[in-house]
Amino acid sequence: MSDDFRPASDFLAVLIERGYLHQCSDLAGLDQKAKSGDLIAYIGFDCTAASLHVGSLVQIMLLRWLQKTGGKPIALMGGGTTQVGDPSGKDESRKLLSLETIAANKEGIKRVFSKFLDFGEGKHDAIMPDNAQWLGALNYIDFLREVGRHFSVNRMLAMDSVKMRLERDQELSFLEFNYMCLQAYDFVELHKRHGCVLQMGGSDQWGNIITGIDLGRRMGASQLYALTSPLLTTASGAKMGKTAQGAVWLEESLLPTFEYWQYWRNCEDRDVGRFLKLFTELPLSEIARLEALDGAEINEAKKVLATEATAMVHGRAAALQASETARQTFEEGALAESLPSVDIGRDEIEAGLGALAAFVKAGLVTSTSEARRQIKGGGLKINDETVADERAVIGAGDVTEGVVKLSLGRKRHVLLKLI
């Protein structure tokens, strides 16, 4: 992107100012289209899990800002492409899912999007088509004759998503090899059905999106555009959306609101400003003020980030409750009843529950072996008392007001609730 480019559209101005833009096939042309108020853009989401996690948030925010600045977003569900598997960034073939699992996953993803986009029949209302609508009806021979002939195997072999697997001697199935053809065809179909002219995605999707533009040109489509966002990692290089405990889901049933709030509260100091721009809608002037804080004051900026980011996903009331729970737990040392909890039978406690098993049951560790390692490092606590003996047992005397508080380090807590 040229340093001299000054966007006329609100859409590109937001993307540039807040750090969403990595590459664009034609900035000036896209800028004019966005300024006209007629920009229709899509991002595809395969239905590989029961929800989306933080790693998808940048793409979700791209669609949200598109709608807020006068464009029409399309959140394309990959009910068809999920049956094939995208090889981009993968070292091995994706496990094939049943149609029932794909349908259930799609419903979970829809729930996430309902929090970020306004859906309806209006000009700028979001829509959520499923590429199974057209991919499922394809006659394969006709598809090869009409669409397949426009693809160059030489170019496909040179694409990073394919080349990486081949260079590592990782098997690439013929099924996966077809993925880029189907993704390109999605762009053509969305243009034909809905007037979509822009496909967005992470920077690892650039080759696939450009292939869609090329296919559109060969099949008579008007001007199409590509736009990608940077692939995000934390300041220390960790992948966004993943922690040692697993994925940071955007669904309360998969990750409690308090733990989601804590994920943002515990971000690295160097990430605060960047994350405020990407994952909140605070004015840039306020973000600049928060970003300038240093020393212990940076923690106040992290709390604002955590509350604003959580409010986007779980609502303002839940975000404020998570913030208050954190304040009581960490600043007052109180036993906050809204901490994540796990039910446990009273008889188990009365019989004596081993500490190792208790921490596994609470989900704070994945195995008793990990619990032993944490105990050796002084990382586990029962009711704020460090566990020193791996043979420790939780009994009736450890229960206060019907709960036992388990902690991993200073920032992860779960209540065992007697039932």
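How exposed is Asp 398: buried, partly exposed or exposed? I started my notes with that one. Asp 398 comes out at 26% relative accessibility, so I log it as partly exposed. I keep in mind that this is a predicted model.

**Entry: around Asp 398**

I placed Asp 398 in the loop that runs between β12 (393-394) and β13 (403-408). I then listed its contacts, skipping neighbours within four places in sequence, and got Asn 383, Val 393, Val 403 and Val 404. I also checked a C-alpha distance: Asp 398 and Ile 382 are separated by 8.2 Å, with their positions 16 residues apart along the chain.

**Entry: the whole chain**

I stepped back for the totals. I have 19 helices and 14 strands in the chain. The chain has 419 residues, and 49% of them count as buried. For the accessible surface I noted about 19500 Å², with 49% of that belonging to carbon and sulfur atoms. I looked at contact range too: taking contacts between residues at least 6 apart in sequence, 72% join residues at least 24 apart.

**Entry: helix α1**

How do α1 and α3 cross? I found that the axes of α1 (residues 10-18) and α3 (residues 57-68) come within 9 Å and cross at roughly 140°. I therefore put α1 down as oblique to α3. The crossing of α1 past α3 is right-handed. On the α1 side I see Phe 11, Val 14, Leu 15 and Arg 18 in the contact, and on the α3 side Leu 62, Trp 65 and Leu 66. Sorted by class, I get six nonpolar residues, one charged and no polar ones for the contact of α1 with α3.

I went on to burial in α1. Phe 11, Leu 12, Ala 13, Val 14, Leu 15 and Arg 18 are buried there. I asked myself what covers these buried residues of α1. The cover includes α2 (27-36), α3, β4 (198-202), β5 (225-229), α13 (272-279) and α14 (284-291). One backbone note: Gly 19, just after α1, has a positive phi of about 90°.

**Entry: Ser 203**

β4 turned up in that cover, and I followed the chain out of it. Ser 203 sits in the loop between β4 and α11 (206-218). Which residues does Ser 203 contact, leaving aside neighbours within four places in sequence? I got His 22, Thr 228, Ser 229, Pro 230 and Leu 231. For one of these, Thr 228, I looked up the C-alpha to C-alpha distance from Ser 203 and found 5.1 Å, at 25 residues apart in sequence.

**Entry: α13 against α15**

Next I took α13, another part of the cover over α1. With α15 it packs at about 20°, and the axes are 10 Å apart. I call α13 roughly parallel to α15, because the cut-off for that is under 35 degrees. The crossing here is left-handed. In the contact, α13 brings Val 272, Phe 275, Leu 276 and Phe 279, while α15 brings Ile 298, Ala 301, Lys 302, Leu 305, Ala 309 and Met 312. I count this contact of α13 with α15 as nine nonpolar residues, one charged and no polar.

**Entry: α12 against α15**

I stayed with α15 and turned to α12 (residues 257-265). The axes of α12 and α15 come within 8 Å and cross at roughly 140°. I therefore have α12 as oblique to α15. I noted the handedness as right-handed. α12 enters the contact with Thr 257, Tyr 260, Trp 261, Trp 264 and Arg 265. The α15 residues they meet include Asn 299, Lys 302, Leu 305, Thr 307, Val 313 and His 314. The classes for α12 with α15 are seven nonpolar, five polar and three charged.

Why do I call α12 largely enclosed by the rest of the structure? Eight of its nine residues are buried, so the description follows. I listed the buried ones: Thr 257, Phe 258, Tyr 260, Trp 261, Gln 262, Tyr 263, Trp 264 and Arg 265.

**Entry: Thr 310**

Last, I zoomed in on one residue of that contact. Thr 310 belongs to α15 (residues 298-314). Its relative accessibility is 0%, so I record Thr 310 as buried. Which residues does Thr 310 touch, not counting those up to four places away in sequence? I found Thr 257, Tyr 260, Trp 261 and Trp 264, plus Gly 315 and Ala 319.

Notes. Residues are numbered from 1 along each chain as its sequence is written. This is a predicted model: local features need pLDDT of at least 70, side-chain atom pairs count only at pLDDT 80 or more; totals for chains, interfaces and linings use all residues. Side-chain values use heavy atoms; hydrogens and water are left out. Axes are lines fitted to C-alpha atoms, for helices over the stretch in contact, and angles run from 0 to 180 degrees between N-to-C directions. Helices (H or I, at least four residues) and strands (E, at least two) are DSSP runs, numbered from the N terminus. Angles under 35 degrees count as roughly parallel, over 145 as roughly antiparallel, 65 to 115 as roughly perpendicular and the rest as oblique. A crossing is left-handed if the near helix is turned anticlockwise from the far one by less than a right angle, and right-handed if clockwise. Contact means heavy atoms within 4.5 Å. Ala, Val, Leu, Ile, Met, Phe, Trp, Tyr, Cys and Pro count as nonpolar, Asp, Glu, Lys and Arg as charged, and the others, Gly among them, as polar. Buried means under 20% relative accessible area, exposed over 50%, partly exposed in between (1.4 Å probe, protein chains only). Accessible areas come from the Shrake-Rupley method with a 1.4 Å probe; for residues, only the protein chains shown count as cover.
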